[in-house]
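Visitor: I am new to this structure and should like to be guided through it. Please show me the sequence and the model before we begin.

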Amino acid sequence: MGSFNPGFVFCIYLSILSNLLLIIQYTTAQPNYIYHFCYGDNYTTGSTFEANLNSLFPPIIRNRYDNATDGLSPDTVYGSIQCRGDVTLDTCQSCRDFGTQDIKDRCPNSKKAIIWFDTCMLRYSNEYYFNIVQVTPAVYIWKPNNISNPNQFNQILGGFMNDLEKERSFSSNFASGDKNLTNGRKLYGLVQCSPDIASNDCSRCLVGAISELPNCCAGKQGGRVLRPSCNVRYELYPFLQLQYINVPSPPSVSLPAPLLSPPPPLVSPPSSTNTTTPKSNGNNSSILAISITIPSVIVGLTAIAFWFFCFQRKKTKKQHFDDVDEEIPSTEFLQFSFSMVSTATNNFSEFNKLGEGGFGSVYKGTLSDSQEIAVKRLSKNSGQGEEEFKNEVTLVAKLQHRNLVKLVGFSIAGAEKLLIYEFMPNGSLDQILFDPIKCTLLDWERRYRIIGGVARGLVYLHEESRLKVVHRDLKASNILLDIEMNPKIADFGMARLFGLHQIQDSTNRIVGTHGYMAPEYVLYGEFSAKSDVFSFGVLVLEIVCGQRNSSFRTSDIARDLLSYAWRHWNNGSAIEILDPTLKDTYSRNEVVRCIHVALLCVQENVEDRPSMQTVVLMLSSYFSISHNLPSAPAFFTGSSRRMEPKSTLYSDYTEEQGSSKNDLISETTTMSLNDVSVTELHPR
């Protein structure tokens with residue numbers, strides 16, 4: 001055997017080390033990767049679509065925003081690049097050069113993709129999206145370090161970000177600035193929209209993003225909300241390039257919180273690494289040090305890469321985020337066989353029954369993969385035909401949000417029609433809220449979180465989903481609670497689809513629940529998103545006081561909950577309506593704010609009620625509502641307005657009563673006077 005040649009070993013290892021250094025140098029010059037999403041259908045390698053995608057983005061950047069179209073239908077590709085409003089064109093060009101290849105590497109064969117870097121965002125799609133506001137998919141990012149005085153900071157931050165939104169330029173849809181804090185520190189921020197959307201759409205997108213900051217980043221030293229059409233950011237260091245050159249980044253690391261789990265990144269996000277090249281003095285000890293260090297590094301990196309690959313594959317299979325309006329395949333992919341569902345529910349045994357109503361019964365089931373489900377078995381007298389049933393399935397399947405109950409699938413077998421939902425272990429809100437013992441499980445923090453979650457779910461239905469939906473039967477029994485008491489809006493049997501620019505609709509058949517229905521709907525058959533706002537206001541008051549609206553009918557205090565709350569509000573004693581079981585474990589400011597917002601929601605005049613997006617903003621500590629004073633609520637005994645019902649209306653609504661045995665997926669919205677379920681779905 002030949003003798004050991006240390007010089008040869010040294011040369012090999014030096015070559016490996018040089019390559020490592022080149023890689024490090026290259027990665028540190030790349031734009032800082034944040035997150036990406038790959039979604040939609042797949043294209044075939046070598047197809048016309050791929051060729052169009054490869055030639056989509058222009059090679060030279062002339063503006064901080066540009067969009068492009070390439071190819072003819074059905075292989076048309078739409079794409080855009082948007083750089084941060086403060087970066088130079090050279091920085092934008094670098095981000096474009098790297099990003100156009102990186103997005104294809106991370107999303108091979110995807111017909112839709114979006115990727116965010118620190119200085120730019122790239123996206124492409126097989127569907128036209130220019131001039132259209134899109135708020136999903138989205139990403140939250142926050143710094144791990146906390147602020148010492150979060151309440152004061154949140155107030156300052158809210159005002160600062162709202163001021164930036166108002167100051168943004170109409171030409172670029174971008175604004176940035178700073179604000180002095182105590183101890184000589186400053187708060188820095190930016191707001192930005194895609195320049196292709198209208199100014200009022202930009203405002204709507206930014207206001208929604210700002211309203212999400214309390215949910216992701218409250219009390220944190222930095223935070224961002226990234227949406228396809230807009231983004232907002234704040235930091236406690238100067239990160240803007242044009243104003244602040246060569247400022248080092250802070251040591252803390254941002255934590256991305258995506259609203260959808262994308263495919264695992266092809267390459268881990270680059271990180272800054274300080275590498276020292278070892279000096280050779282020609283002796284064997286130096287060679288030995290190198291021969292130990294570099295293989296150790298390589299083995300270590302290989303092990304990490306292997307672990308990361310395996311972990312990400314597992315996580316991609318098992319982790320689901322329901323906050324994104326993702327592409328839903330045809331309903332065949334959601335269809336279960338009747339025998340499979342029957343087996344899962346032990347042949348619909350009484351032991352598995354969770355509840356019963358006019359629509360039929362709900363059963364708990366367990367699939368073969370151990371997934372727990374709730375099965376809504378429609379009564380044969382429910383009045384829903386096969387086509388209407390499929391419409392409901394399609395509607396619910398396309399509504400994907402963390403505060404909406406998730407449809408797992410459905411089944412049709414002759415007269416049997418089944419809806420299969422995710423199982424909610426804590427049942428419906430009314431079962432806990434109105435129970436004298438279980439209500440203690442809902443402390444103020446949980447109640448406040450439930451109120452905010454329901455509000456965000458309604459914002460999604462009304463404004464952020466590609467389908468504009470009015471629920472029409474929002475109430476405590478239609479709010480389900482997961483294992484962490486997070487709220488999920490359920491039962492879309494009476495929901496109505498609205499056209500993109502449609503504001504109001506009407507019907508001659510009144511369906512819903514007494515006490516939650518808005519006056520214009522009860523009396524005239526007119527409904528809109530503001531009808532849901534009214535129902536939300538009633539729900540908030542019930543959550544605050546812990547009593548049903550209907551429980552006041554025989555009371556000497558007031559005829560209904562709205563009148564009760566209004567009288568205390570006028571007397572300056574609003575806090576007295578609070579559920580006494582909460583005692584001293586509540587935030588007075590939050591309770592009064594919720595009562596204030598609820599009374600704004602239940603005002604008699606439709607135009608006086610805020611939109612749900614405004615409600616979300618009002619519920620955050622960022623927004624001052626002291627100047628918005630509510631008027632007397634609808635049906636208040638002292639109301640001066642006389643409202644006469646339309647004579648052609650047919651009422652078919654529910655009297656809200658105590659819930660049935662463990663009604664975990666209750667959806668008992670249509671237990672009407674004639675015990676017949678009514679579903680009105682009119683896609684437009």
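Guide: A residue is called buried under 20% relative accessible area, exposed over 50%, and partly exposed in between, using a 1.4 Å probe and protein chains only. The model is a predicted one, in which local features need pLDDT of at least 70, side-chain atom pairs count only at pLDDT 80 or more, and totals for chains, interfaces and linings use all residues. Residues are numbered from 1 along each chain as its sequence is written, and side-chain values use heavy atoms, with hydrogens and water left out.

Visitor: Is I103 buried or exposed?

Guide: I103 belongs to helix α3; helices (H or I, at least four residues) and strands (E, at least two) are DSSP runs numbered from the N terminus. Its relative accessible area is 1%, so I103 is buried.

Visitor: Which residues does I103 touch, not counting residues up to four places away in sequence?

Guide: Contact means heavy atoms within 4.5 Å. I103 and R123 are 20 residues apart in sequence, yet 8.1 Å apart in space, C-alpha to C-alpha. With residues up to four places away in sequence not counted, I103 touches A113, I114, I115, L122, R123 and Y124.

Visitor: In the open sheet of five strands, what is the order?

Guide: Two strands pair if DSSP finds at least two bridges between them. In this open sheet the pairing is antiparallel, and the order is β1-β4-β5-β3-β2.

Visitor: Why is one side of β1 and of β2 left without a neighbour in the sheet?

Guide: The strands β1 (33-42) and β2 (65-70) have one side free in the sheet because each stands at an edge. Six bridges join β2 to the antiparallel strand β3 (residues 77-83). The reason is therefore that β1 and β2 each have a single partner strand.

Visitor: Which residue in β3 is the bridge partner of D66?

Guide: The strands β2 and β3 run antiparallel. Within β3, the partner of D66 is I81.

Visitor: Between which domains does the largest nonpolar core lie?

Guide: A nonpolar core is a set of buried Ala, Val, Leu, Ile, Met, Phe, Trp, Tyr and Cys residues joined through side-chain atoms within 4.5 Å. The largest has 88 residues, and L429, V454, F492, F536, V544 and I595 touch the most other members. Both domains named here, whose bounds come from an automatic or database domain assignment, give residues to this core, so it lies between domain 3 (334-423) and domain 4 (425-633).

Visitor: How many residues does the second, separate core have?

Guide: Its members include Y39, L53, I115 and V139. The number of residues in this second core is 34.
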